[in-house]
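User: Please go through this two-chain model by question and answer. Keep the criteria explicit.

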Amino acid sequence: MRAVISVLGMDRPGIIAKVSAVLYECNVNILDIDQTVLRDELFAMTMLADLREMNTSFEALKQKLDTVSTRIGMQIKLQREEIFKSMHNV
Amino acid sequence: MLDQKDILTTIKMIETQKLDIRTITTGISLFDCVSDDYKRCTQNIYDKITRLADRLVQTGAEIESEFGIPIVNKRISVTPISLVSQSCGHYIEFAKTLDKAAKAVGVDFIGGYSAFCQKAATTGEQAFLESIPEALATTDIVCASVNVATTRAGINMDAVRMMGGVIKRATALTADHNGYAATKLVVFANAVEDNPFMAGAFHGTGEGDCVINVGVSGPGVVKAALEEVRGQSFDDVAHTIKRTAFHITRTGQLVAREASKRLGVPFGIVDLSLAPTPRIGDSVAHILEEMGLESCGAHGTTAALALLNDAVKKGGIMASSHVGGLSGAFIPVSEDAGMIDAVKKGALSLEKLEAMTCVCSVGLDMIAVPGDTPESILSAIIADEMAIGVVNTKTTAVRIIPVPGKQVGDTVDFGGLLGTAPIMACNGYSPEAFIARGGRIPAPVHAQRN
């Protein structure tokens, strides 16, 4: 299973490091990272990740990312990639 | 890698434009539950519903979590109860069984306390119709519907007359709760067999044992897309709506396939309706206003709705392998913040709503009228709406609530997604003698197509 991790909020140092640390801890392989700073301040990062070798459940990973989200004050979402593929591709 | 712009667009649709899956509805056939003993029959029904829908709520929650798309309701529709209960009667027990089974599996609503009498009602069906007020008043989440007209059969005016009384009694029995029972009752012309939306959902006779139907929504997404083409021609408006409806429906298709796979139940249809809720940013009326109308209800509203309804279907049909249900734009007054405002400020009348139902997906929906509205006026409102459905070969419906003790100028709160309804004025001239005639209004000439 592959999933997209999206991080949205005010730009600040250490965002990628903190999210990557959780993924490493859960044995989730990052396939691609894309990041943009929108309107000079809003940071948007999307990661495509492979969850096949994950050492925890989807829900548990979500909770860990929620904890990071609260700590850094940014919105972090974990969603299976099919939701994006199905919406934008025929 | 997916395009980041597409990812952010999807997230924005869900987070700020209120895109959601409005319902996953499991349709369950009850034909194999039939018995001449009502106790055995209701036990069979309870056992089958709780067996087949056992994992529905949990599966819906899992899909919601993994894909990050809200699934607002999980529901069940069943074979019309009038078809499975006539050999044993005791109709109220069937309603109670549905209520109990639905609560046991944790769904929001169960639909199918329904009857079909578009040409005539059998003796059993007449008793069934009479049972509806008590059935709805003594249960919490059971929904009822009655089909009184089709393009092929015409309009059963005896049933139309009965339904005026049924609605009045349903509200009287729940007078302490603003006539709540009538919010769970729909009168149909050309009812569809695979509608996943309440209160009109039932599992049609042409359906299999069990099926998954999904209803999508997203008025806020369409409104936001139209903000980008402000002042441009209707060609651009239609194109924008089509493109947006495609995106919305693709999401519904994904969820339907996933639910079908996980539950081991065949996928039926995606109903690509724009279903509003009372939340800000989730209004069909606001889409019409975005097209350039000062208020929903202004002259031009019917044309705007016609364009919207058509473009939603055109965009959605390409996105799903099976489109069905009601599919189009809903215009329930109490469930749409823009409709509520339009009625309150006098811009939207019952007559204009009736005109709008000629071009929307269903009909007069969640309309509150004065509690002292005579039965004959309720029946006549139904008759008008049925005529629109029959002549235009489309589904139309009436869900109207004569709220006990309320008058024009009052507002009534039904709670939750049912929203808040300003009491609307009816034309007070009497249709009593018209409704008293009974009999059938014949099928229109274009029904003879063979």
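Analyst: Axes are lines fitted to C-alpha atoms, for helices over the stretch in contact, and angles run from 0 to 180 degrees between N-to-C directions. Two residues are in contact if their C-beta atoms, placed from the backbone, lie within 7 Å. Helices (H or I, at least four residues) and strands (E, at least two) are DSSP runs, numbered from the N terminus. The model is predicted, and local features need pLDDT of at least 70, side-chain atom pairs count only at pLDDT 80 or more, while totals for chains, interfaces and linings use all residues. Residues are numbered from 1 along each chain as its sequence is written, and chains are lettered from A and ligands numbered from 1 in the order in which they are written.

User: At what angle does α2(A) run to β4(A)?
Analyst: Helix α2(A) lies across β1 and β4 of chain A. These two strands are joined by six bridges and run antiparallel, with Leu8(A) opposite Gln75(A) in β4(A). The angle of α2(A) to β4(A) is about 160°.

User: Which strands of chain A stand at the edges of the sheet?
Analyst: Two strands pair if DSSP finds at least two bridges between them. The open sheet of chain A has four strands with antiparallel pairing, in the order β2-β3-β1-β4. Neighbouring strands of this sheet are turned by 15° against each other on average, direction ignored. One side of each edge strand has no neighbour in the sheet because each has a single partner strand, and these strands are β2 and β4 of chain A.

User: What is the radius of gyration of chain A, and what would a compact globule have?
Analyst: The radius is taken over C-alpha atoms, and the globule rule is 2.2 Å times the number of residues to the power 0.38. Along its principal axes the C-alpha trace of chain A spans about 35 × 35 × 20 Å. For 90 residues a compact globule would be near 12 Å, so chain A agrees with the rule at 13 Å.

User: Which element gives the largest share of the side of chain A that touches chain B?
Analyst: The contact involves 22 residues of chain A and 18 residues of chain B. Elements of chain A that each supply at least two residues include β1 (2-10), α2 (58-72) and α3 (82-88). The largest share is seven residues, from α3(A).

User: How many residues of β1(B) are buried?
Analyst: A residue is buried if 20 or more other C-beta atoms lie within 10 Å of its own, exposed if 12 or fewer, and partly exposed in between, with C-beta atoms placed from the backbone. Strand β1(B) (residues 21-28) is joined by seven bridges to β7(B) (residues 210-216), antiparallel, and by seven bridges to β2(B) (residues 71-78), parallel. Ile28(B) stands opposite Cys210(B) in β7(B), and Thr23(B) has Asn73(B) in β2(B) as its bridge partner. The strand is mostly covered, and the number of its residues that are buried is eight of eight.

User: Which element gives the most to the side of domain 1 of chain B that touches domain 2 of chain B?
Analyst: Domain bounds come from an automatic or database domain assignment, which divides chain B into domain 1 (25-189) and domain 2 (214-429). Their centres, taken over C-alpha atoms, are separated by 22 Å. The contact takes 36 residues from domain 1 of chain B and 34 residues from domain 2 of chain B. With 10 residues on the side of domain 1, the element that gives the most is α7(B).
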